[in-house]
Amino acid sequence: MNRPRPRALYLAAIAAILLSFGVIAQAQNQQQPAQPPAANAQQNAQTENKPAAPQAEKNPFAPVPAPPLPPGMTGSNVNDPRYSLKPGLYDAGETSMGLKHLDFLKKPDAFQLGTDDPNAGKVNTMLGQLGIGNPSKMPGGMKLVLAQLAFANSDVAFQGHYLFQGNFYGIDIYDISNPAKTKLVTTLVCPGGQGDVSVYKNLLFMSDEMPNGRVDCGTQGFPPDPPPPAPGAGQPPQRHIPSAQAERFRGVRIFDISDILHPRQVAAVQTCRGSHTHTLVVDPNDKDNVYIYVSGTSFVRPSEELTGCEGGEPDKNPETALFRIDVIKVPLAAPQNAAVVSHPRVFMNSRTGEIAGLTNGGSHGQEKPKPTDQCHDITVYSALGLAAGACEGNGILLNIKDPVNPKRVDAVNDPNYSYWHSATFNNDGTKVLYTDEWGGGLGARCRPNDPNVWGADAVFSLHDDKLTFDSYYKLPAAQQDTENCVAHNGSLIPVPGRDIEVQAWYQGGVSIMDFTDSKHPHEIAYFDRGPIDPKVLVLGGFWSAYWYNGYIYGSEIARGLDVFQLTPTKDLTQNEIDAAKTVQVAEENVQNQQKIVWPPKLIVAKAYLDQLERSQALPAKEIASLRKQIDKTEKSRLNKKEVAKLNKMIPSLEQSAGSAKSSADTERLHNLAEILKHPEA
């Protein structure tokens, strides 16, 4: 999640409050949502200037319909069953295709606000800890939304049979040895948001950026500062930087989880902008250390609180903490000595040396060109020596062969992109999928009139360290006005022969799409439930949806944790699902992407055959013959005689590979032939 988009001055005031406690990026980095072309400007202005409904005046999270679709653009499908699901927090209507909902666990009591009364003492306590000094004039609904934000679930990581779920108030650790009966192991209370997590061996890493975080993980926060002076007439609200506090923590915490029931904080590395997200980087040439790329998107803290922190524009202050990422080096034998070791200027113009070397291009609707000064998320792929950064107005590509000093090798922007949020490489590193978090986590951006190329995924081809745009993919089902919905976190599903992504779309649910043909990505499975509230946009839905060792886990912001299992459809066979399950990993930090390697099992061969049948790359008679012989070989327990018969079928496959109509089929045929040479059961 990043930041809500103000739709009027009142929302701008709310944004200023949020900015003041660091939940969202600083004001100078705010991007306006992409606007329709000038041809519709007057119509849109009329829409925006219409007298607000009484409820909208009382609560900024009351729904507002989207403006008309710009000419030539298409919205989402209102005839999809996902559009009309019954609302509710725990009893909403649900629908799915290709996914079975196995299990759901509510957030533990420690991460529950526990009241719907905006005047309850706990609500005011939480607002106070978040630095909101005087909420008395705040609408009740707004108080609840902000207080609930303090307990929002965020990203997840995996190790062995444990799942680590971040929360703005700490971390939950679950036992997923039986995914259908997932159990909570322990809850670590440690406020500071947004609580993104990674894990490596006995170490657990956690991002903190909000000013209520304390070095000791205490829940008492800090005394609220006096309210900032009211802005003058026609003036935007001024950003308020919380006063310096010696015990404040913003950065990356490191816990020792040798005793899984009692995580122990062993280091807390402070950074100037905190850590909105972070990326675990494992250098294949360095066994003694791991590295953490820190993406800070919040305000620069005062130097009185952390020495060396300075803000400002780089032409006036070349030491500014803006326009950079931070790199933390973590000695595995002594994690208590972890420290920031570099501040790469990844946006620099390499030719001129200008620190602010990238802009959004000024092509997002009516926006003016604006420098990019932060990354939201960075996905590293060490096997390729590359990282894909989703950085405000740009998608960037980094060479990370020297992990302390990553170098930018390419950068792109896009006229339909508002805020580059996250990235995923396909397995062979020939494509990168970037997400656009248009409207931030609190934006309803999947309404019928929201263009299906805004707030979407963008798929780029990657060759010789250069990115080339291929296509967009957006959740095809329209969502209602109170459902925050935009592209968010996802991961690859390791189906051999295909590029498949499972992805969270907040209250848009979970969508699984195939981007094997990068110019024509399409949905093959989904799960969705109705809005949490039919009248007010409540922050909720799926923050992350990740595949891990045969199952899909959805980190649901407001409710808890969901577990899913793939089921066969015309677009995905049981053989393909079973082949994906052959890939088992010991750890999974999605932003540290691992190379997927399939074992030469006959089930993988069957998956390739299903795909070749779907694409009609082989005659039906040959496919039937191959299936028959594979089955006989399996039943014979790899009898040499039967394996020899399989071997005799290889030349025909190689010949077909040479004349296949698509590169995907060529690769499938080659891989199938390789398995048949030395198959495993």
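**Helix packing in a predicted model**

Let's start with a pair of helices in this predicted model. Helix H7, covering residues 602–614, packs against helix H11, residues 663–677, at an angle of about 150°, and their axes lie 9 Å apart. Angles over 145 degrees count as roughly antiparallel, so H7 and H11 are roughly antiparallel to each other. The crossing of H7 past H11 is left-handed. If you would like to pick out the side of H7 that takes part, look for Leu602, Val604, Ala605, Tyr608, Leu609, Gln611 and Leu612. From H11, the contact draws on Asp665, Arg668, Leu669, Asn671, Leu672, Ile675 and Leu676. Sorted by class, this contact of H7 with H11 holds 10 nonpolar, 2 polar and 2 charged residues.

H7 also meets another helix. The axes of H7 and helix H6 (residues 574–581) come within 8 Å and cross at roughly 140°. H6 and H7 are therefore oblique to each other, and their crossing is left-handed. On the H6 side, the contact is made by Asn575, Glu576, Asp578 and Ala579. H7 contributes Ile603, Val604, Lys606, Ala607, Asp610, Gln611 and Arg614. By class, the contact of H6 with H7 divides into 4 nonpolar, 2 polar and 5 charged residues. Val604 and Gln611 are worth finding on your screen, as they belong to the contact of H7 with H11 and also to the contact of H7 with H6.

Now move to an earlier part of the chain, where helix H4 spans residues 121–129. Which residues of H4 are buried? They are Val123, Met126, Leu127, Gly128 and Gln129. Part of what covers these buried residues of H4 is helix H5 (140–149). After H4 comes Gly131, with a positive phi near 90°.

Stepping back to the whole chain, you will find 11 helices and 30 strands. Of the 681 residues, 60% are buried. Among contacts in the chain with a separation of 6 or more, 64% are between residues 24 or more positions apart.

Finally, a word on confidence. The average pLDDT of the chain is 89, and 90% of the residues score at least 70. Over residues 3–57, however, the pLDDT is below 50. This stretch still has 138 contacts in the model beyond near neighbours in sequence. Where pLDDT is low, the predicted coordinates should not be read in detail.

How values were computed:
Residues are numbered from 1 along each chain as its sequence is written. This is a predicted model: local features need pLDDT of at least 70, side-chain atom pairs count only at pLDDT 80 or more; totals for chains, interfaces and linings use all residues. Side-chain values use heavy atoms; hydrogens and water are left out. Axes are lines fitted to C-alpha atoms, for helices over the stretch in contact, and angles run from 0 to 180 degrees between N-to-C directions. Helices (H or I, at least four residues) and strands (E, at least two) are DSSP runs, numbered from the N terminus. Angles under 35 degrees count as roughly parallel, over 145 as roughly antiparallel, 65 to 115 as roughly perpendicular and the rest as oblique. A crossing is left-handed if the near helix is turned anticlockwise from the far one by less than a right angle, and right-handed if clockwise. Contact means heavy atoms within 4.5 Å. Ala, Val, Leu, Ile, Met, Phe, Trp, Tyr, Cys and Pro count as nonpolar, Asp, Glu, Lys and Arg as charged, and the others, Gly among them, as polar. pLDDT is the predictor's confidence in each residue, from 0 to 100. Buried means under 20% relative accessible area, exposed over 50%, partly exposed in between (1.4 Å probe, protein chains only).
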